[in-house]
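User: Could you take me through one part of this predicted model up close? I'd like to look at the sheet and whatever sits around it, step by step.

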Amino acid sequence: MSGKPKLYYFNGRGKMESIRWLLAAAGVEFEEEFLETREQYEKLLQGGSLLFQQVPMVEIDGMRMVQTRAILSYIAAKYNLYGKDLKERALIDMYVGGTDDLMGFIMMFPFLSAEDKEKQRAFIVQKATSRYFPAYEKILKDHGQDFLVGNSFSWADVHLFEAILMVEEKKSDVLSGFPQLQAFKARISSIPTVKKFLEPGSQRKPVPDDKYVETVRRVLRMYYDVKAN
C-alpha cells in the first residue's frame, strides 16, 4: 500500500463523505473503490481488512484504517489541521463532536419513509437553528477570528462547513439569522482546496438518492426500516 490514500465505501456520502472532505481540504488526492455487491463486502471481511467488520475503510501510509473518527483524526494530524497544541486539539475535538451530533440526524434521512422524512426535515432544521448554529455563531462572534480555533484553518472548520451545506439542502435559508456563520461559509468556500472540491466533477458526492439507499441495503443486508427522531 503506497501512494494515494484509497477509500473503500459506497458511491455516496454516508460516513465516508467527511473523510473525502478532509482529504480534499488538505489538498490530498485519493482513489476510491465503490462497494456495489455483497460479494465485494464479504471479500474485504474474509481478507481481514475490516477490523470491526464495517466500513468506511481507508488504506493510508501502509495502514488499513477503520472507525471514522480515528481516520479523520489521523488525516487532520498528518496534514496540520489539528491545532498547534493540546488545548487547540481539545477544542477541535469538542467542536467536531458537536457537529457530528448534528450530522447524525441528517445521515439517516435517506433511509426514512416519505412521511418520516418530512418530520425529520423539520427536526433537523429545529436542532440546527436552536442548538448547534447558535453555539458556533457565539464562538465566532466572541473571539472575532476567521476560524473556529486558533485563527487557523482546521478540521473543525471543514466539518462545520460540510454540516452547513447539508442543512441548507434541507432549508436553503437556514443561515438567515446567523450573520457570523454566513461570513464563515463565504470564507471557507473561498479557500482554494475547498473551492475545488465544490466544483462539478470533483469526488464530492451528491445528495443520496434511491439507488444509493438500495445499494447500501443490499450490501449490508439491511432488512429493517430506520425510524425518525
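Analyst: Start with strand β1, residues 6-9: 4 bridges tie it to β2, and the two strands run parallel. To see one of those pairings for yourself, find L7, whose bridge partner in β2 is E32. Now look at β3, the other strand that β1 pairs with: here there are 3 bridges, and the two run antiparallel. Y8 is a handy marker for this pairing, with M57 as its bridge partner in β3.

Keep your eye on β3, since the sheet carries on from there. Another 4 bridges join β3 to β4, and this pair is antiparallel too. M57 turns up again here, standing opposite V66 in β4. So M57 is a nice place to pause: Y8 of β1 is its bridge partner, and V66 is across from it in β4. Between β3 and β4 there are 2 residues, and the two strands make a hairpin. In that turn sits D61, with a positive phi of about 55 degrees.

Put the pieces together and you get an open sheet of 4 strands in the order β2-β1-β3-β4, with mixed pairing. At the edges are β2 (31-34) and β4 (63-66), each of which pairs on one side only. On average, neighbouring strands in this sheet are turned by 20 degrees against each other, if you ignore direction. Helix α1, residues 17-25, packs on the sheet and touches β1, β2 and β3 (57-60). Compare directions and you'll find that α1 makes about 165 degrees with β1.

Next, the side chains. In a regular strand they alternate between the two faces of the sheet. You can follow this along β3, where M57 and E59 point one way while V58 and I60 point the other. What about burial? All four of these β3 residues are buried.

Just before β3 there's a residue worth a stop of its own: P56, in the loop between α2 (38-46) and β3. The peptide bond joining V55 and P56 is cis, with omega at about 15 degrees. Is P56 buried or exposed? It counts as buried because its relative accessibility is 3%, and the cut-off for buried is under 20%. Look at what surrounds it, too. Setting aside neighbours within four places in sequence, P56 is in contact with a list of residues that includes Y8 and Y9, K15, M16 and I19, and also M65 and V66. Y8 and V66 are familiar by now: Y8 has M57 as its bridge partner, and V66 stands opposite M57. As for E33, it is 23 residues away from P56 along the chain, and their C-alpha atoms are separated by 11 Å.

Where does this sheet fit in the wider chain? UniProt, in an unreviewed entry, lists residues 3-83 as "domain: GST N-terminal". That span is 36% helix and 20% strand, and its end C-alpha atoms lie 26 Å apart. Further along, the loop between α3 (68-78) and α4 holds N80. N80 isn't a glycine, yet its phi is positive, at about 55 degrees. Unlike the buried P56, N80 counts as exposed because its relative accessibility is 69%, where exposed means over 50%.

After that comes the stretch that the unreviewed UniProt entry lists as "domain: GST C-terminal", residues 85-209. Here the chain is 67% helix and 0% strand, with the end C-alpha atoms 41 Å apart. For a quick taste of its packing, take helix α4 (residues 86-107) and helix α6 (residues 155-168). Their axes come within 9 Å and cross at roughly 20 degrees. That angle is under 35 degrees, so α4 counts as roughly parallel to α6. The crossing of α4 past α6 is left-handed. If you want to spot the meeting residues, those in α4 include I92, Y95 and V96, and those in α6 include W155, L160 and M166.

Terms used: Residues numbered from 1 in each chain as written. Predicted model: local features only at pLDDT ≥ 70, side-chain atom pairs only at ≥ 80, totals over all residues. Heavy atoms only, no water. UniProt positions renumbered as here; feature names shortened; annotations may be inferred. Pairing = 2+ DSSP bridges. Axes fitted to C-alpha atoms, helices over the stretch in contact; angles between N-to-C directions. Contact = heavy atoms within 4.5 Å. Buried < 20%, exposed > 50% of the residue type's maximum accessible area, 1.4 Å probe, protein only. Parallel < 35°, antiparallel > 145°, perpendicular 65-115°, else oblique. Left-handed = near helix turned anticlockwise from the far one by under 90°.
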